[in-house]
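This report describes selected features of one protein chain. The topics are aromatic packing, a helix face, the surface and several loop positions.

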Amino acid sequence: MGKGGGCFPSKKKHPTPAEDAAGTAPVAADEEIQEAPAVTVNSENARSFTATLKVFIVFYSMYGHVEKLAKRMKKGVNGVEGVEAVLFRVPETLSDDVLEHMKAPPKDLEVPELSAAELAAADGVLFGFPTRFGCMAAQMKAFFDSTGQLWREQTLAGKPAGFFVSTGTQGGGQETTAWTAITQLAHHGMLFVPIGYTFGAGMFEMDSIHGGSPYGAGVYAGDGSREPTEAELDLAEHQGKYMAGIVKRLSQA
């Protein structure tokens with residue numbers, strides 16, 4: 001029954017007895033053809049069925065250690081249904097001559113650079129960077145400095161974000177590098193998502209040296225020649241999966 005509580009008379013024209021007997025009843029021009037009702041989906045709810053949530057994994061990596069964590073983290077994000085990871089690099093600020101002098105390998109050109117404006121499309125972000133004296137590398141700081149317009153409009157407010165890092169030594173800033181980066185999220189109104197001890201026994205492993213902390217995944221680079229261990233990569237994958245779960249839960253709130 002529609003609004004007003006009344007019933008609407010049928011527009012269908014009924015045949016006369018003679019027409020009915022002859023089987024030649026004319027079809028009225030304004031006769032309504034009954035079809036199966038169209039199924040409509042509330043546009044707000046349709047998101048959970050048709051749209052894929054995006055977690056941007058945005059990193060700076062000079063020698064490839066952070067990049068290896070990022071690529072393993074992508075696997076963790078993609079393991080959660082309805083969530084997809086997208087890898088991005090931040091722009092390099094050093095000249096080619098300086099990078100060559102520092103023996104930095106070439107960048108993976110299959111991973112595109114991210115502009116500040118593009119960050120608005122993310123449903124969640126994982127930022128990865130090496131340490132520089134207990135803080136993020138200048139390249140990542142330069143990227144954050146370029147997000148002024150997003151800050152003015154509070155475009156990133158409410159978006160979850162996390163960190164993963166690389167340090168040269170065990171006391172080189174596995175925690176402080178992430179901790180000092182929280183100020184960037186605070187000014188944007190973003191939600192810092194640490195992993196805590198959700199990785200379980202892997203967080204308490206003492207048989208081998210490995211990076212990572214309750215703040216996020218981490219790797220020890222040493223002099224640059226040390227490769228990430230499987231324990232460090234496993235923690236990165238866990239962080240990706242954990243963040244994807246948080247993003248998905250917030251999207252359904």
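Rings of Phe, Tyr and Trp, the last taken by its six-membered ring, count as a pair if their centres lie within 6.5 Å. In this predicted model, Phe127, Phe129, Phe143, Phe144, Phe163, Phe192 and Tyr215 form one aromatic cluster.

**Aromatic pairs**

Across the whole structure, a search finds eight aromatic pairs. One of these is formed by Phe56 and Phe88, with 4.8 Å from centre to centre and 55° between the planes, a tilted arrangement. Phe56 belongs to strand S1 (residues 53–59) and Phe88 to strand S2 (residues 83–89), so the pair ties together parts that are 32 residues apart in sequence. Both Phe56 and Phe88 are buried.

**The buried face of helix H5**

Two members of the aromatic cluster, Phe143 and Phe144, recur in helix H5. This helix spans residues 138–145, and its buried residues are Gln139, Met140, Phe143 and Phe144. Viewed down the axis of H5, the buried residues fall within an arc of 140°, so they line one face of the helix. What do the buried residues of H5 pack against? Their partners are S1, strand S3 (124–132), strand S4 (135–136) and helix H8 (182–188). Strand S1 is also the element that holds Phe56 of the tilted pair.

**Surface patch and the start of the region after S1**

Tyr63, Val98 and Met102 make a nonpolar surface patch of about 220 Å². Within this patch, Tyr63 is placed in the loop between S1 and helix H3 (65–78). Its relative accessible area is 35%, and Tyr63 is therefore classed as partly exposed, the class between 20% and 50%.

Glu67 lies in helix H3. Is Glu67 buried or exposed? With a relative accessible area of 14%, Glu67 is buried, because buried means under 20%. When neighbours within four places in sequence are left aside, the contacts of Glu67 are with Phe59, Ser61 and Asp108.

**Loop positions**

Two residues other than glycine have a positive phi: Lys103, near 55°, and Phe133, at about 55°. Lys103 is located in the loop between helix H4 (96–101) and S3, whereas Phe133 is in the loop between S3 and S4. Lys103 counts as exposed, and Phe133 is likewise exposed.

Gly189 occupies the loop between H8 and strand S6 (191–192). This glycine counts as partly exposed. Its C-alpha atom is separated by 6.8 Å from that of Leu156, although the two residues are 33 residues apart along the chain. Which residues are in contact with Gly189, leaving aside its neighbours within four places in sequence? They are Gln154, Leu156, Ala157 and Gly158. Helix H8, which precedes this loop, is also among the elements against which the buried residues of H5 pack.

The relative accessible areas of the individual residues discussed above are collected here.

| Residue | Relative accessible area | Class |
|---|---|---|
| Tyr63 | 35% | partly exposed |
| Glu67 | 14% | buried |
| Lys103 | 68% | exposed |
| Phe133 | 87% | exposed |
| Gly189 | 28% | partly exposed |

Conventions
Residues are numbered from 1 along each chain as its sequence is written. This is a predicted model: local features need pLDDT of at least 70, side-chain atom pairs count only at pLDDT 80 or more; totals for chains, interfaces and linings use all residues. Side-chain values use heavy atoms; hydrogens and water are left out. Rings of Phe, Tyr and Trp (its six-membered ring) pair if their centres lie within 6.5 Å; planes under 30 degrees apart count as stacked, over 60 as edge-to-face and the rest as tilted. Helices (H or I, at least four residues) and strands (E, at least two) are DSSP runs, numbered from the N terminus. Buried means under 20% relative accessible area, exposed over 50%, partly exposed in between (1.4 Å probe, protein chains only). The arc is that of the directions from the helix axis to the C-beta atoms. Contact means heavy atoms within 4.5 Å. Patches are made of residues with over 30% relative accessible area and no salt bridge: like charges are joined within 9 Å, nonpolar side chains (Val, Leu, Ile, Met, Phe, Trp, Tyr) within 5 Å. Accessible areas come from the Shrake-Rupley method with a 1.4 Å probe; for residues, only the protein chains shown count as cover. A salt bridge is a side-chain nitrogen of Lys or Arg within 4 Å of a carboxyl oxygen of Asp or Glu.
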